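Student: Before we discuss the terms used for this fold, may I see the sequence and the structure?
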Amino acid sequence: MSFLVYIPQDIEKEGKEFLKEKGYDYIIGSDLSQETLIREVKDCDAILTRSNAMITEHVINAGKKLKVIAKYGVGLDNIDIEAATKRGIYVTNTPEANANVVAEHVMALMLALSKNLLPMDKELRKGNFAYRTERFSVDLEHKTLGIVGLGRIGRLVAKKARYGFDMKVIGYDPYMTATIPEIEKTEDLNGLLQNSDFISLHLPLTKDTKGVIGSEQFKWMKPSAYLINAARGGVVNENDLAKALREGVIAGAGIDVFEQEPPNPDNPLFSLDNAILTPHSAALSTEGAARMSLHAAMQVDEALKGEIPRWAVNEVTSKTK
C-alpha cells in the first residue's frame, strides 16, 4: 500500500513528479481552514506545506499516521515544531533551495530604493522629465550595509554587497560565532542600526524576534537609512515602520513580508511612496520555486523510507517515534 502525502496548497510539478516516481500518492488540499486541514490530513503519512497553511497541534494530532512535515521554504513559524516532535514527527525545510534567490531580491530592493526607480518611472510616465534633477539617487559604493541575522541568506547578501558593489558590511547575530570574511561582526544591534546606510533583516520569527524592530530601533537609524525585510513580517512592527516612513525618521523601506498575509488593503504601508512592497515573493523565481518543491519532496521520501531527513530541524528519538 502506497504512502499518502498531503499537500494543503499546490506546488510546482517537480515536487509532485518526484513523489509519483518514488511510488507515493498525494492529495492537494481544498482550502486552508483549520477544519479542512484536520479533516483532510487524517489518512496521510506526510504533509508537504507552504507558508499559508497553519500546521497547528490540532492538525498534527489529527494526522495519526504522520511521519514528516516538510516545509516548502525556510521559515517554520506556521508549523508547531514542539507538537510534531512530541509525536515523533520530523519537521524539515529547504535551506538550499532559495537562499540565493532571496539574496538577489534583497539586492534588487536595495537598488530600486537607492536609485529611486519607482518614483522616477511614475513621474516620467506623467511627463515630468525634469524629475531627473529633482531627486538624485544614492550610490551603494562605500556605503555601509548592516545585516541582522547571518544565516545562509544573510551571508549571501553580504557577499553580493561586498564584492559586487564595494559596500562595507557589518553584521549582528548573537548565535553566530564563526568569522565571516565579508562581514565585520558586532554584538551591538543599536550600534549597527546607527552606523548603517541600509539594514537588511534575515531573522526567523520566534517569540524573541517578534517586533524586534520598532519605534525605538528606528530612532537609532540615520534619516537617510533604508530598511529591507525579506525575512518574516512579524519581526518588524508595521505601524511603527509606517510612522517612521511618514515622518522621515528613515528614508525608505523595501518590504517583502507582512505581519498578516495577505495584508489588509488598508495596511498603512500601502499609502507610502517611500516604501517598495512585494507579496512575499522573494523566494519565488521559476528556478527557486521548482527547487523548493523538489527539495521538500525529497525530505518526504527520506523520512518515509525510515531515514533521518537531511534538512530535519528537530530531533526525533526512538522514544518519541
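Tutor: The model is a predicted one, and the exchange below concerns its sheet, its helices and its cores.

Student: What makes strand 9 and strand 10 a pair?

Tutor: Pairing requires at least two bridges between two strands. Strand 9 (residues 198-201) and strand 10 (residues 226-229) have 4 bridges, in the parallel sense, so the requirement is met. As an instance, F198 has Y226 in strand 10 as its bridge partner.

Student: Why are strand 8 and strand 12 said to stand at the edges?

Tutor: The open sheet has 7 strands in the order 8-7-6-9-10-11-12, with parallel pairing. Strand 8 (184-185) and strand 12 (275-277) each have a single partner strand, so one side of each lacks a neighbour in the sheet.

Student: Which helices lie across strand 6, and at what angles do they run?

Tutor: Helix 5 lies across strand 6 (144-148) as well as strands 9, 10, 11 and 12, and runs at about 155° to strand 10. Helix 7 (residues 152-165) lies across strand 6 and strand 7 (168-172), at about 175° to strand 6. Angles run from 0 to 180 degrees between N-to-C directions, so a value of about 175° means that helix 7 and strand 6 point in nearly opposite directions.

Student: Why does V5 count as a member of a nonpolar core?

Tutor: Membership requires a buried residue of a listed type, Val included, joined through side-chain atoms within 4.5 Å. V5 belongs to the largest core, of 49 residues, and is among those touching the most other members. Helix 5 (residues 99-114) supplies the largest share of this core, 9 residues. Beyond four places in sequence, the contacts of V5 include L19, L48 and V300.

Definitions and conventions:
Residues are numbered from 1 along each chain as its sequence is written. This is a predicted model: local features need pLDDT of at least 70, side-chain atom pairs count only at pLDDT 80 or more; totals for chains, interfaces and linings use all residues. Side-chain values use heavy atoms; hydrogens and water are left out. Buried means under 20% relative accessible area, exposed over 50%, partly exposed in between (1.4 Å probe, protein chains only). Helices (H or I, at least four residues) and strands (E, at least two) are DSSP runs, numbered from the N terminus. Contact means heavy atoms within 4.5 Å.
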